[in-house]
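Reader: I am new to reading protein models, and I would like to understand the reasons behind the labels. Could you take me through them one at a time?

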Amino acid sequence: MAQTITLGRTGDKMPAVGLGTWKIPNETCAETVYTAIKCGYRLIDGAADYGNEKEAGEGVRRAIEEGIIKREDIFITSKLWNTFHAPQNVKASIKHQLALWGLDYLDLFLVHFPIALANVPIDHKFPPGWFGDDGKVHLEDTPLHETWKVMEELVDQGLVKNIGLSNCNGSILLDVLRYARIKPQVLQIERHPYLSQEPLIKLTEALGIAMIAYSSLGPQGYIEISLDHGAQSLLAVPSVVFIASKHNRTPAQVLLRWSTQRNIAVIPKSDTVPMLTENLKSTEFDLDKKDLEAIGSLNVNIRMNNPVEIDPRLGIFA
């Protein structure tokens, strides 16, 4: 049976391995999502900012229409973009995003970043990205507690089943817990051996908050956008290659298992059946203590996804 992670408030079971849709081209996204579901994927991770929710939804609906799955069989995650943090804009965004997906509800809706930007009307540009029409970043004075209150209302209205945060450090998470009526069930973060995030993991474990790791292969997904910081590919690091050989697995499977063995979900992007299958099978073996320690020793706190590189006022990890 596929590994799942049980969410505390609802008891929903979130698959430990899902398909991430960041950077999947619009022209292939529907087919990729559909193929992933045929291969056995039951978690699809999307976001308004990825710009491919419509196509991802087409892939999901095709699988449902063909009887491969029922809606309740698949766990759909999406995220609220920074320009929709004001209360009235949260609701406008979720309604638009659900329409793009062609779904009545999301299983998990995350605040993508603890950053509020000036609203860009949906009919003007969607997704709006980081910059205004003038090419500048425009901040908005919406505190996170106002955004979270409306996130809770989305749960009350049945538009989303679970809510959570993404790209937040411990202090923000603890602050949200002070006022939340519905506590965050999931925290999604960048996590790979170059950024192990051990203190944050221990905090979420103590709080009973599930975790999703993105960019599990480290710099691999950032080379084409020049954000890899010149780091060596984790797929070629000798210790990772050795451990993979030892278990008769691939380096990618080892990197994914490094998180899932800690009960942290992973959402690698794949676009071929062999790679989709390989990633899905990454939970079928266990790393031993020496393996875990060797991989953990690679930590050098390199963060690939850091908004401060866009604008110094976005230094949420400072």
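**Rings, cores and strands**

Author: In this predicted model, ring pairs join Trp81, Phe113 and Trp130 into a cluster.

Reader: What makes the pair of tryptophan 81 and tryptophan 130 edge-to-face?

Author: Rings pair if their centres lie within 6.5 Å, and planes over 60 degrees apart count as edge-to-face. The centres of tryptophan 81 and tryptophan 130 are 5.0 Å apart and their planes stand at 80°, so the pair is edge-to-face. This pair links distant parts of the chain, since tryptophan 81 lies in the loop between β5 (75-80) and α3 (87-101) and tryptophan 130 in the loop between β6 (106-111) and α4 (144-156), 49 residues apart. Both tryptophan 81 and tryptophan 130 are buried.

Reader: Why is the pair of tryptophan 22 and tyrosine 222 called tilted?

Author: Planes under 30 degrees apart count as stacked, over 60 as edge-to-face, and the rest as tilted. For tryptophan 22 and tyrosine 222 the planes are at 45°, with the ring centres 5.3 Å apart, so the pair is tilted. Tryptophan 22 lies in the loop between β3 (19-20) and α1 (26-39) and tyrosine 222 in the loop between β9 (210-214) and α7 (238-246), so the pair ties together parts that are 200 residues apart in sequence.

Reader: How do you know whether tryptophan 22 and tyrosine 222 are buried or exposed?

Author: Buried means under 20% relative accessible area, exposed over 50%, and partly exposed in between. Tyrosine 222 has a relative accessible area of 3%, so tyrosine 222 is buried, whereas tryptophan 22, at 31%, counts as partly exposed.

Reader: What makes arginine 62 lie over the face of tyrosine 34?

Author: For an arginine, the CZ atom has to be within 6 Å of the ring centre and within 35 degrees of the ring normal. Arginine 62 lies over the face of tyrosine 34 at 3.5 Å from the ring centre, and the charged end of arginine 71 sits over the ring of tyrosine 105, 4.0 Å from its centre.

Reader: Why is β6 said to be largely enclosed by the rest of the structure?

Author: In β6, 6 of the 6 residues are buried, so this strand is largely enclosed. The strand β6 runs parallel to β5, with 4 bridges between them, and also parallel to β7 (residues 160-166), with 5 bridges.

Reader: Which residues have the most contacts inside the largest nonpolar core?

Author: They are Met151 and Leu187, in a core of 62 residues, to which α4 gives the most, with 6 residues.

Key. Residues numbered from 1 in each chain as written. Predicted model: local features only at pLDDT ≥ 70, side-chain atom pairs only at ≥ 80, totals over all residues. Heavy atoms only, no water. Phe/Tyr/Trp six-rings, centres within 6.5 Å; stacked < 30°, edge-to-face > 60°. Helix = DSSP H or I, 4+ residues; strand = E, 2+ residues; numbered from the N terminus. Buried < 20%, exposed > 50% of the residue type's maximum accessible area, 1.4 Å probe, protein only. Core = buried A, V, L, I, M, F, W, Y, C linked by side-chain atoms within 4.5 Å. Pairing = 2+ DSSP bridges.
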